[in-house]
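Here is a short note for someone reading a structure of this kind for the first time. Please keep the model open while going through the points.

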Amino acid sequence: MKRVDSIPTQLHIIKCEKHGDHEAKYTKCHDGKYFVQQYCFDCVKESEAKQKLEDERIRVADDIERDKTRKERLRANAGISKRNLYKTFDDYICTNEGQTKAKNDCMRYVENFPTDKSLIMVGGVGTGKTLLASAMIESLVDKHKCEIVKLIEIVRELKATWSRDSETSEEKIISWYTKLDLLIIDEVGSQFGSDTEKLFIFEIIDGRYQNMKPTIIISNLDINGVKDAIGERCVDRLREGGGSMIAFNWNSSRA
Ligand SMILES: Nc1ncnc2c1ncn2[C@@H]1O[C@H](COP(=O)(O)OP(=O)(O)OP(=O)(O)O)[C@@H](O)[C@H]1O
Ligand SMILES: [Mg+2]
Ligand SMILES: [Zn+2]
């Protein structure tokens, strides 16, 4: 649209190859001047419609991107590694009976969630314990507060609160871990557990036990090794009320 002082005396034709020529429309303004169209109305309408579609496409793409970021952040906060992001039970291939049983046990565990039953997953390196645990978190994370974390990370986090400029406290961290709907502690016993570390883990496992919240423990050690690493009182609480154990006793899938 353009503003002009008056309507020209000779016929004003707007040419359009697509829609044909047509006479320009003059619309009087309140100040006595005129608005006149400069381009074919149909072309303008078409280009506006095209722009609207493009805007909508961008809006949908933005929404998808925002949703993807939110989903990934949720999973990263739940401790799922980049390697295991969006891994599901379908990614766990079974070539022996043990794997089939392990997978079924884990699937049944999440089907029955929420539960107060804990679980111990023990076995050799590369047998897919972390993969199955990640698949369990994946199937629960949108509805429940859950987290998979290596024991050493919990210990590191708790020890960091001893520093003078720490913004958090041991109590706050312990309270966080005791309140999660599901806590999976990975790599239990992969380093020498000091008395302090045993105390930390006892506080968390016992706190969760008191709160009727389940804990899953993953380790390369056998059950006796786990007892040595975290203490018998922890294992006792994990096994109470039918907390079961899955043994991953086959060869590594790592090439
Ligand atoms: N049954 C399986 N199907 C498909 N991939 C598997 C399977 N088992 C293991 N993997 C793959 O093998 C690698 C090792 O698995 P994962 O890290 O889960 O083992 P792990 O038991 O946690 O080992 P570690 O005790 O050393 O931590 C990963 O890349 C994982 O995706
Ligand atoms: Mg692992
Ligand atoms: Zn046109």
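The points below go from the whole chain to one metal site.

1. This is a predicted model, and every value in this note is computed from it. The chain contains eight helices and 10 strands.

2. The overall dimensions come next. The C-alpha trace spans about 105 × 50 × 35 Å along its principal axes. The radius of gyration of the chain is 32 Å, whereas a compact globule of 255 residues would have one near 18 Å.

3. Of the 255 residues in the chain, 36% are buried. The accessible surface comes to about 16000 Å², and carbon and sulfur atoms account for 51% of that area.

4. Among contacts with a separation of 6 or more, 71% are between residues 24 or more positions apart.

5. Which residues coordinate the zinc ion (ligand 3)? They are Cys16 and Cys40 and Cys43, each through SG, and His19 through ND1, at 2.1 to 2.4 Å. The angles among the four donor atoms are 104 to 115°, and the site is tetrahedral. Along the chain, the donors follow the spacing C-x2-H-x20-C-x2-C.

6. Two of these donors sit in separate elements: Cys16 is in the loop between strand E2 (13-14) and strand E3 (22-23), and Cys43 is in helix H1 (residues 41-77). The pair therefore ties together parts that are 27 residues apart in sequence.

7. Are Cys16 and Cys43 buried or exposed? Cys16 has 10% relative accessibility, so it counts as buried. Cys43, at 30% relative accessibility, counts as partly exposed.

Conventions
Residues numbered from 1 in each chain as written. Chains lettered and ligands numbered in written order. Predicted model: local features only at pLDDT ≥ 70, side-chain atom pairs only at ≥ 80, totals over all residues. Heavy atoms only, no water. Donors = N, O, S within 2.8 Å, 3.2 Å for Na, K, Ca; no water. Tetrahedral: all angles 85-135°; square planar, octahedral: opposite > 155°, others 65-115°. Helix = DSSP H or I, 4+ residues; strand = E, 2+ residues; numbered from the N terminus. Buried < 20%, exposed > 50% of the residue type's maximum accessible area, 1.4 Å probe, protein only. Rg over C-alpha atoms; globule rule 2.2 N^0.38 Å. Contact = heavy atoms within 4.5 Å. Areas by Shrake-Rupley, 256 points an atom, 1.4 Å probe, with all protein chains shown as cover.
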